[in-house]
Amino acid sequence: KYLAEFIYENTMIQTNLIHYAYKYFVKKFCFLGSVCIYPKYAETPVKEEALMTGELEPTNEGYAVAKIHGIEMLKMYNKQYGFKGVSIMPCNLYGIGDNFHPENSHVLPAMLRRFHEAKVNNAPSVVCWGDGSAKREFLHVDDLAEACYTCMQNYEGREIINVGTGEDVTIKELAETIKDVVGFIGGITWDISKPNGTPRKVMNVDKLKSLGWEPKIGLREGIELTYQWYKDDNRV
């Protein structure tokens, strides 16, 4: 729905941040991108070298193009001015503080809300998009924070660096796990009129692991922590 807003707002934000961070002598800049910068049909696990080797996924193209602009801008400020920065590309993120909006949130928090509300309302089933076959990689935000710190301390490269678990699950497996964590006893209905998106998007994280970083929070544990916060924070 919001391709124009995504390309405009993200480009404006990052352009100003990078430029003025350089202008006012910031020692090192951490730029966060996304797995969606990679081509829709990139070979998996996706390596950093896959950037700009194919067409993007149309549903998030505005965001991806903006992020690619930020990556290249940071590189060029490094080449011309010696401005230090690291461009970190996380996989799908989730955790405490997430956006649980019923229409504008990402898949994991959206499912958490749907399954919780279905449980509270004794609904017979929950509707999920696509056919459940698409595979995605999920990382808890606390693990991302550790990765950012590791990169800021130990990575001096100009090229992007992936952050993820290196493992993926089908959307169907994700839905079943969330259903179990929430305690919903109804069924799951798959709306195949909705898009699956990119068939598979799991990243190669060898570069980051070589710096000594490893994810610590497993997917089920992370979902349990996120759901507990969702309930405790009076969001339900």
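**Helix packing, enclosed space and backbone oddities**

Leu174, Thr177, Ile178, Asp180, Val181 and Val182 of helix 5 meet Leu219, Arg220, Ile223, Glu224 and Tyr227 of helix 7. Sorted by class, the residues of this contact come out as seven nonpolar, one polar and three charged. The model behind these values is a predicted one. Helix 5 covers residues 171-182, and its axis sits 10 Å from that of helix 7, at an angle of about 50 degrees. The two helices are therefore oblique to each other, and helix 5 goes past helix 7 in a right-handed crossing.

Helix 7 (residues 219-232) also packs with helix 3 (residues 107-120), here with the axes 11 Å apart and an angle of about 60 degrees. Helix 3 and helix 7 therefore count as oblique too, and the crossing is again right-handed. On the helix 3 side, the contact draws on Leu108, Leu112, Arg113, His116 and Lys119, while helix 7 brings Leu219, Ile223, Thr226, Tyr227, Tyr230 and Lys231. That set splits into six nonpolar, two polar and three charged residues. Leu219, Ile223 and Tyr227 of helix 7 turn up in the contact with helix 3 as well as in the one with helix 5.

Then there is the pair at the N-terminal end of the numbering. Helix 1 (residues 3-23) and helix 2 (residues 61-81) have axes 8 Å apart and an angle of about 15 degrees between them. Since angles under 35 degrees count as roughly parallel, that is what helix 1 is with respect to helix 2. Their crossing is right-handed. Helix 1 takes part through Leu3, Phe6, Ile7, Asn10, Thr11, Gln14, Thr15, Ile18, His19 and Tyr22, and helix 2 through Glu61, Gly62, Tyr63, Val65, Ala66, Lys67, His69, Gly70, Met73, Leu74, Tyr77 and Tyr81. By class, this contact holds twelve nonpolar, eight polar and two charged residues.

Now for the empty space. Rolling a probe the size of a water molecule over the atoms shows where such space is left. One cavity of 30 Å³ or more is present in the structure, and the largest cavity has a volume of about 70 Å³. Around it are Ile71, Leu74, Lys75, Asn78, Gly85, Val86, Ser87, Gly157, Arg158 and Glu159. Helix 2 is the biggest contributor to this lining, with four residues; strand 2 (85-90), like helix 2, supplies at least two. Leu74 thus has a double role on paper: it lines the cavity and belongs to the contact of helix 2 with helix 1. The cavity lining is made up of three nonpolar, four polar and three charged residues.

The second largest pocket holds about 190 Å³ of space. Its lining consists of Arg136, Phe138, Thr165, Glu167, Asp168, Val169, Pro215, Ile217, Gly218 and Leu219, which sort into five nonpolar, two polar and three charged residues. Leu219 is a familiar name here, being part of the lining of this pocket and of the contact between helix 5 and helix 7.

Two backbone details round things off. Most residues other than glycine have a negative phi, and most peptide bonds are trans. Phe25, in the loop between helix 1 and strand 1, has a positive phi, near 65 degrees. The peptide bond joining Thr44 and Pro45 is cis, with omega at about -10 degrees. Pro45 lies in the loop that runs between strand 1 (29-32) and helix 2.

Conventions
Residues numbered from 1 in each chain as written. Predicted model: local features only at pLDDT ≥ 70, side-chain atom pairs only at ≥ 80, totals over all residues. Heavy atoms only, no water. 1 Å grid on protein atoms, 1.4 Å probe; cavity = no way out; pocket = protein on both sides within 12 Å on 5 of 7 lines; lining within 4 Å. Points joined across faces, edges and corners; volume = space filled by probe spheres on them. Nonpolar A, V, L, I, M, F, W, Y, C, P; charged D, E, K, R; others polar. Axes fitted to C-alpha atoms, helices over the stretch in contact; angles between N-to-C directions. Parallel < 35°, antiparallel > 145°, perpendicular 65-115°, else oblique. Left-handed = near helix turned anticlockwise from the far one by under 90°. Contact = heavy atoms within 4.5 Å.
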